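Thanks for coming. I will take a few minutes to walk through one chain, starting with its overall layout and then moving to particular residues.

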Amino acid sequence: MYEVAIDKKFSSAHFLRQYHGKDEPLHGHNWKVRVEFRGADLVKPEEYLVDFVEMSDVLGKIISKIDYTHINTVPPFDKLNPSAENVARWIYDEFVRLSPNARPCKVTVWETEECCASYLPDIRP
């Protein structure tokens, strides 16, 4: 089994709605995202699981939508709370939409160096 990971960073502000009953104050983070792929078979003739350059470009397109923004103003986060968990799920969904042949097995989003949340798609039959 092979695993590949692509990391990127971005900066943006957000707040959580109804955080302990009221809106959290607006604040910013230097976020980090890791998109992971897993598989047993390598692409021929190149002998890689996924193309680093292509996957990095896709991730860059996705995070460019929220980089240097107030995430709460960007759909779907204008209605959906922009928690790290929801940002990870959104990145996964956008990745599948933009690159359906290379589905991540896991997306992890760090709000700080010490705190992260991950989304793993449910792969049960």
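How many helices and how many strands does the secondary structure of the chain come to? Two helices and four strands. Please keep in mind that what you see is a predicted model. In sequence order, the elements run β-β-α-α-β-β. The C-alpha trace spans about 55 × 30 × 25 Å along its principal axes. The chain has 125 residues, and 43% of them are buried. If we take the contacts with a separation of 6 or more, 64% of these are between residues 24 or more positions apart.

Now the interior. In soluble globular proteins, nonpolar side chains tend to be buried together. Here the largest nonpolar core has 31 residues, and the members that touch the most others are V33, F37, I91 and V109. Which elements each supply at least two residues of this core? They are β1, residues 2-14; β2, residues 27-39; α1, residues 52-63; then α2, β3, which is residues 106-110, and β4. Helix α2 gives the most, eight residues.

Let me stay with one of those core members, F37. This residue is in strand β2. Is F37 buried or exposed? F37 counts as buried, because its relative accessibility is 2%, and the cut-off for buried is under 20%. Setting aside neighbours within four places in sequence, F37 is in contact with Y2, E3, V4 and I6, with L49, V50, M55 and F95, and with A102, R103, P104 and C105. Take Y2 from that list: Y2 and F37 are 35 residues apart in sequence, while their C-alpha atoms are 8.1 Å apart in space.

Another buried position is S99, in the loop between α2 and β3. S99 counts as buried because its relative accessibility is 11%. Again leaving out neighbours within four places in sequence, the contacts of S99 are M55 and V58. M55 was also on the list for F37.

Next, the aromatic rings. The structure holds four aromatic pairs. One of them is Y92 with Y119, a tilted pair with 5.2 Å from centre to centre and 55° between the planes. Where do the two partners sit along the chain? Y92 is in helix α2, residues 84-98, and Y119 is in strand β4, residues 116-119, so the pair links distant parts of the chain, 27 residues apart. Both rings belong to buried residues: Y92 has a relative accessible area of 8%, and Y119 has a relative accessibility of 18%. Y119 still counts as buried because the limit is under 20%.

There is also a charged residue placed over a ring. K32 lies over the face of W110, 4.6 Å from the ring centre.

Now for empty space. Rolling a probe the size of a water molecule over the atoms shows where empty space is left. What is the volume of the largest pocket? About 220 Å³. Its lining is made of 13 residues, and those nearest its centre are L49, V50, N101, A102 and R103. Two elements, β2 and α1, give two or more residues to that lining. Some names return here: L49, V50, A102 and R103 are among the contacts of F37.

Last, the backbone. Most residues other than glycine have a negative phi, and most peptide bonds are trans. Which peptide bonds should we look at here? One runs from K44 to P45 and is cis, with omega near 5°. P45 lies in the loop between β2 and α1. Another cis bond joins P75 and P76, with omega about 5°. P76 is in the loop between α1 and α2.

Then there is phi. Q18 is not a glycine, yet its phi is positive, about 55°. H20 is not a glycine either, and its phi is also positive at about 55°. Where are they? Q18 is in the loop between β1 and β2, and H20 is found in that loop as well. Are these residues buried or exposed? Q18 counts as exposed because its relative accessibility is 55%, over the 50% cut-off. H20 counts as exposed too, at 70%.

That is the end of the tour.

Methods. Residues are numbered from 1 along each chain as its sequence is written. This is a predicted model: local features need pLDDT of at least 70, side-chain atom pairs count only at pLDDT 80 or more; totals for chains, interfaces and linings use all residues. Side-chain values use heavy atoms; hydrogens and water are left out. Rings of Phe, Tyr and Trp (its six-membered ring) pair if their centres lie within 6.5 Å; planes under 30 degrees apart count as stacked, over 60 as edge-to-face and the rest as tilted. Buried means under 20% relative accessible area, exposed over 50%, partly exposed in between (1.4 Å probe, protein chains only). A charge sits over a ring if NZ of Lys or CZ of Arg is within 6 Å of the ring centre and within 35 degrees of the ring normal. A nonpolar core is a set of buried Ala, Val, Leu, Ile, Met, Phe, Trp, Tyr and Cys residues joined through side-chain atoms within 4.5 Å. On a 1 Å grid over the protein atoms alone, a cavity is a set of points where a 1.4 Å probe fits but cannot get out, and a pocket is an open set with protein on both sides within 12 Å along at least five of seven lines; lining residues have an atom within 4 Å of a point. Grid points are joined across faces, edges and corners, and a volume is the space filled by probe spheres set on the points. Contact means heavy atoms within 4.5 Å.
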